[in-house]
Amino acid sequence: MGAMTGLPVVDCEDVAWFRDGAEMPSAARGAAATLARRIGLDGYRSSEVALAVSEAATNLQRHANDGALLLRVLRTPDRAGVEFLTIDSGPGIPDVEAALSDGVSSAGTLGIGLGAVARLADAFDIHSLPGRGTVVAAQFWARGAGAGPTGGAPSVASGLTRPISGETSCGDAWAVRVDDGGQEDPRSAASARGGSRSAPSPEPAVLVVLCDGLGHGPLAALASEAAVAAFRRSTARHPEGLLRDIHAALRGTRGGAVAVARIEPARGRVLYCGIGNVSGILLGPGSRNGLLSAPGIVGQQMRTLRTFELPWKPGGALVMHSDGLTERWKADDLPGLLRHTPAVLAGQLLREAGVRRDDAGIVVVKEAW
């Protein structure tokens, strides 16, 4: 976590998706209670987590179309918490503020119990589009531990992975970390010479990777896990240097499509380098810019790398996703989305563009500094 840099980052460890069905509320509630106790939350807080998850899952079961709930662990260097997200395809909530108020109950709409969930959570966000769908995200940390794991600020990045129908392991993976800045390492300086591939700035920056392991299932998951591990241990600061380290780590695996980005708030720019079919989109208020990847398979054949540099606009977001999401989504069709947290933004795009016939992975970095 980059708390000292003002770029808070929380690591995510996905645990399980729960699909809509008669058993979903009880299954999700039991899993949430077990998970909360396992990471060290006390009995009372664990019961609150279980209650909130049960309320959210019951909402989906009773009132939503095609609902799903993701349960996962959040980690900082010294703390762990539980997060859940719910995603559905309608009917949506016409008045979110009213749905979060006490005493609101309508048998025909989603919203029962949301106020209770929001009060129990340390962080809560919801975005609902009538006729399209709703995404809810809630975080739960140990009580009485200060202003939260990142000083009260939301993580600047979050993402989601969802396995292809019929599989439990996902071949897509993502990770984010903070580069605290300082002197450039020689490899990154060499990789950044020439053209727009300017050397990384000495100020703090956010580094993010998305890997789509070739195919799907356990072998694809092994490739993406190797990519994330290489990304975390690499000392490179430039996307090209990171991609070279990931390429070396993926030899002997199936390989995959990989993109790496570096967001530099101080310089107001994004550096992006990708190989294979990963989509990169830089969203701004009223703007959308695509980021290109070169052909190839990381771990097998990787041609000359090219880094693209684009300005980072205030109020913007970087979205990176695998081809488990189509590219036909439009931010303009999702009014208000850029005002929400990265987790909710990622959830709405997964709902809008995700396909069931492939693994899906998406990561979002959004201005919070």
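Axes here are lines fitted to C-alpha atoms, for helices over the stretch in contact, and the angle between two of them, taken between N-to-C directions, runs from 0 to 180 degrees. With that in mind, open this predicted model and begin with a pair of helices.

**Stop 1: helices α6 and α7**

Select residues 218-233, which form helix α6, together with residues 239-250, which form helix α7; their axes come within 9 Å and cross at roughly 135 degrees. The two helices are therefore oblique to each other, and their crossing is right-handed. To see where they meet, show the side chains of A223, A226, A227, A230, F231 and R233 on α6, and those of L242, D245, I246, A249 and L250 on α7, since these residues make the contact. Coloured by class, this contact has 9 nonpolar and 2 charged residues, with no polar ones.

**Stop 2: helices α1 and α2**

Move next to residues 24-38, helix α1, and residues 43-63, helix α2, whose axes come within 8 Å and cross at roughly 155 degrees. That angle makes α1 roughly antiparallel to α2, because angles over 145 degrees are counted in that way. The crossing of α1 and α2 is also right-handed. On the α1 side the contact is made by M24, P25, A28, R29, A32, A33, A36 and R37, while α2 brings S46, V49, A50, L51, V53, S54, A57, T58, L60 and Q61. By class, the residues of this contact divide into 12 nonpolar, 4 polar and 2 charged.

**Stop 3: D66, after α2**

Follow the chain out of α2 and select D66, which is found in the loop between α2 and strand β2, residues 68-75. The phi angle of D66 is near 55 degrees, a positive value in a residue other than glycine. D66 counts as partly exposed, because its relative accessibility is 39%.

**Stop 4: the bond before P91**

Select G90 and P91 and look at the peptide bond that runs from G90 to P91, which is cis, with omega near 10 degrees. P91 belongs to the loop between strand β3, residues 80-87, and helix α3, residues 96-99.

**Stop 5: E352 in α8**

Now go to E352, which has its place in helix α8. Is this residue buried or exposed? With a relative accessible area of 19%, E352 is buried, because the cut-off for that class is under 20%. Leaving aside neighbours within four places in sequence, E352 is in contact with R132, W329 and L334, so these can be added to the selection.

**Stop 6: D359 and its surroundings**

Finish at D359, in the loop between α8, residues 342-353, and strand β17, residues 360-366. D359 counts as buried, at 0% relative accessibility. Once neighbours within four places in sequence are set aside, the residues in contact with D359 are R162, P163, I164, S169, C170, G171, D172, G215, H216, G217, S322 and G324. For one of these, R162, the separation from D359 is 197 residues in sequence, yet the C-alpha to C-alpha distance is 5.9 Å. Zoom in on the side chain of D359: a polar atom there lies 2.8 Å from the backbone nitrogen of I164, and the backbone nitrogen of G171 lies 3.0 Å from a polar atom of this side chain.

**Stepping back**

Finally, display the whole protein chain, whose secondary structure comes to 8 helices and 17 strands. Of its 369 residues, 55% are buried. Among the contacts in the chain with a separation of 6 or more, 73% are between residues 24 or more positions apart.

Methods. Residues numbered from 1 in each chain as written. Predicted model: local features only at pLDDT ≥ 70, side-chain atom pairs only at ≥ 80, totals over all residues. Heavy atoms only, no water. Helix = DSSP H or I, 4+ residues; strand = E, 2+ residues; numbered from the N terminus. Parallel < 35°, antiparallel > 145°, perpendicular 65-115°, else oblique. Left-handed = near helix turned anticlockwise from the far one by under 90°. Contact = heavy atoms within 4.5 Å. Nonpolar A, V, L, I, M, F, W, Y, C, P; charged D, E, K, R; others polar. Buried < 20%, exposed > 50% of the residue type's maximum accessible area, 1.4 Å probe, protein only. Polar contact = N/O pair within 3.5 Å; in protein donor to acceptor, adjacent residues only side chain to side chain.
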